[in-house]
Amino acid sequence: MSLFYLYSQVSFWLEDMAKRLVIRFLVCVGAFLALCQGGKSLPVAQPLAAGAVDARQAETGRQDAAPGMQQEVFNAGDMILDHITDKHSWHICDWKGEAVVVHLPVILLHEGKLHCFSSARFENSDHVYGSFQLRTESPHKGRIVALEKGSDGRVGIAERLPWDFSITKTVAAMMVSSLFLVILFVFIVRNYKKRGEKAPKGIAALFEPVYLFVRDEVVYANLGKEHGDRYLPYLATLFFFIFLGNFLGIVPFFPFGANITGNISVTLVLALLTFLITMGSSTKAYWKHTFNTPGVPMWMKFPVPLMPAIEVMEIFTKPFVLMIRLFANMTAGHIIILGFVSLVLIFGQQSVALGWAVSPLTIVFGLFADALELLVSFIQAYIFTMLSANYFAGALAYEPGKPSHGH
Amino acid sequence: MELVMPGVGVLFWTCLIFLILFLLLKKWAFPVINGMIKKREEKISSALEEAENTRKEMADLQARNSEMLAEARSEKDRIIGQAKDFKRQIEESSRQKAKEEYDRIMQSARADIEREKQAALEELRVSVANLSLDMAEKVIGSELSDRDKQKLLVEKGLKDLKL
């Protein structure tokens, strides 16, 4: 009896819900249509009346893109590339037709002299300040070049590029991320000091499982306890640096959102450090394994040193792949997210209604891509650290209990 | 191409930032964290060990207790058995003693009776002899000359008579 009562109640409730959902959906659609009617006043990219636009014009327009210049063709490729490459200024958003930009310091070393100035100095039509020019076009695009008078009297690009030590967007974001990390660690360490041997609480409780994962599953699993303790500071720093760089890279507002670990220079430095530490901790057994690999037939080594050549190549390909993997993964992630965001603008160009129609899809896909990136940011940090630990173990010719020798 | 060309500035700053971060964390953060975690791990493992030891001790104690209990029980059984045996012995011996006493008393009683009987018989014999002599005297009417000789004769006759 009571079961039947429950069932009838539930079915009534479901019916009610369904009705409400239908009504809500209809309201939403109505509102959507109403918005589309009034959408002409919305600051969304407008469909272009004139067809042909010079590609170069589109490009120069992109540099100081502002909704004021609405007669621009939206080029998703350019927009995405603009977002993921390094910049000398940090574009935050557009506000009332004005681009809100943080001008970062430019530091140049040219012909023995140090030049420091704000990147705001380049905000003129030629992007020229003094004898320097921020290139927006093809030769040295995105870089700062020195200008000099050629033999024919015309101003041209000097052969020698200035050393560019500017605090670019990537560097600034990296500083923010590192500062964030340091502050995080200050809190964590304080928490540990305060709580002593008791279980951690708050931020330290959040941090500890991750740290223990890195310590036990990455460092100790590859290097054992004895070696592991020596490499733990580097590997843990590496992990948290990469993880936070990845993670803050997908936070889409100002002091974050820069493509830190998707910058090849950053990953190059990290891979280089791993490479140098690998070389520094290499043992006799490692070099013996490299040049005279045990278990390989003699004919592969002796007249033609095929196997040693491969092994020597592997020494360099390992960190190279490390560099490429992190760079490519993070850049690809940013491209995917930006691609989904661009979808709405691309369709909006066709018609505003279409743009609105696509936006839920964009949100769903974008959310999915963001969630995926969250996972990837952890996985890539894990893989980089894991492989670094593995290479160190190979260099030490250390074999943990398992027969998983680094190959 | 711009995307995959390393820039010297970013390289430099990344090196600097990463190394500063590394040194900061290595100097200030990780020793504290590692120390605390290690201390806690040690504490936990020692606590676990202690718990295990206590458990073992408890089990030992319990085993000893039950052993002692069993011992006490067997001791009790033994004592009770002994007591029973003792009781039986006492019973036996007292019964024996009683029987002996009874026998002894019976014997002495019998001996007394016998003695009394003998005495009575003797007395009877004497008095019968005297009586018979008196009667014979009376019968014969005269006193027998040798009374003592007669007496002996009667007594002899009486002895032969065997009552």
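This is a short tutorial dialogue on reading a predicted model with chains A and B.

Student: Before we look at any feature, what kind of model is this, and how are residues and chains labelled?

Tutor: Residues are numbered from 1 along each chain as its sequence is written, while chains are lettered from A and ligands numbered from 1 in the order in which they are written. This is a predicted model, in which local features need pLDDT of at least 70, side-chain atom pairs count only at pLDDT 80 or more, and totals for chains, interfaces and linings use all residues.

Student: How should I read the confidence, and what is the mean pLDDT of chain A?

Tutor: pLDDT is the predictor's confidence in each residue, from 0 to 100. Where it is low, the predicted coordinates should not be read in detail. The mean for chain A is 78, with 81% of its residues at 70 or more. Among the elements of chain A, helix H2 (residues 55-63) has the lowest mean pLDDT, 41, and H6(A) the highest, 93. Residues 28-70 of chain A stay under 50, and the model has 45 contacts for them beyond four places in sequence. Another stretch below 50 covers residues 403-407 of chain A, with five contacts beyond near neighbours in sequence. Two residues are in contact here if their C-beta atoms, placed from the backbone, lie within 7 Å.

Student: Which helices and strands make up each chain, in number?

Tutor: Helices (H or I, at least four residues) and strands (E, at least two) are DSSP runs, numbered from the N terminus. Chain A has nine helices and nine strands; chain B has two helices and zero strands. As for burial, a residue is buried if 20 or more other C-beta atoms lie within 10 Å of its own, exposed if 12 or fewer, and partly exposed in between, with C-beta atoms placed from the backbone. Buried residues make up 30% of the 407 residues in chain A and 7% of the 163 residues in chain B.

Student: How do I read a sheet, and what is the strand order in the sheet of four strands?

Tutor: Strands of a sheet pair through backbone hydrogen bonds, either parallel or antiparallel. Two strands count as paired if DSSP finds at least two bridges between them. The open sheet of four strands in chain A runs E5-E6-E7-E8, with antiparallel pairing. Strand E5 (128-129) and strand E8 (155-157) of chain A stand at the edges with a single partner strand each, so one side of each has no neighbour in the sheet. E5(A) meets strand E6 (residues 132-134) of chain A over two antiparallel bridges, and A:Tyr129 has A:Phe132 in E6(A) as its bridge partner.

Student: Which strands form the open sheet of three?

Tutor: Its order is E4-E3-E9 in chain A, again with antiparallel pairing, and E4 and E9 are the edge strands, each pairing on one side only. Six bridges join E3(A) to E4(A), and A:Leu108 is partnered by A:His115 in E4(A).

Student: Where should I look for positive phi values?

Tutor: Most residues other than glycine have a negative phi, and most peptide bonds are trans. One case is A:Lys96, with phi of about 50°, in the turn of the hairpin that E1(A) and E2(A) form with two residues between them. A:Glu111 has phi near 50°; this residue lies in the loop between strand E3 (105-110) and strand E4 (113-118) of chain A, and is exposed, with 12 other C-beta atoms within 10 Å. A:Ala397, with phi near 55°, sits in the segment after helix H9 (352-395) of chain A and is partly exposed, with 16 such atoms within 10 Å.

Student: How is helix packing described, and at what angle do H6(A) and H8(A) pack?

Tutor: Two packed helices are described by the angle between their axes and the distance between the axes. Axes are lines fitted to C-alpha atoms, for helices over the stretch in contact, and angles run from 0 to 180 degrees between N-to-C directions. H6(A) and helix H8 (residues 306-350) of chain A pack at about 150°, with axes 8 Å apart. The contact includes A:Leu268 and A:Phe275 of H6(A) and A:Phe320 and A:Leu326 of H8(A).

Student: Finally, how many residues does each chain give to the contact between A and B?

Tutor: Chain A gives 36 residues and chain B 29. On the side of chain A, H4(A) supplies the largest share, twelve residues.
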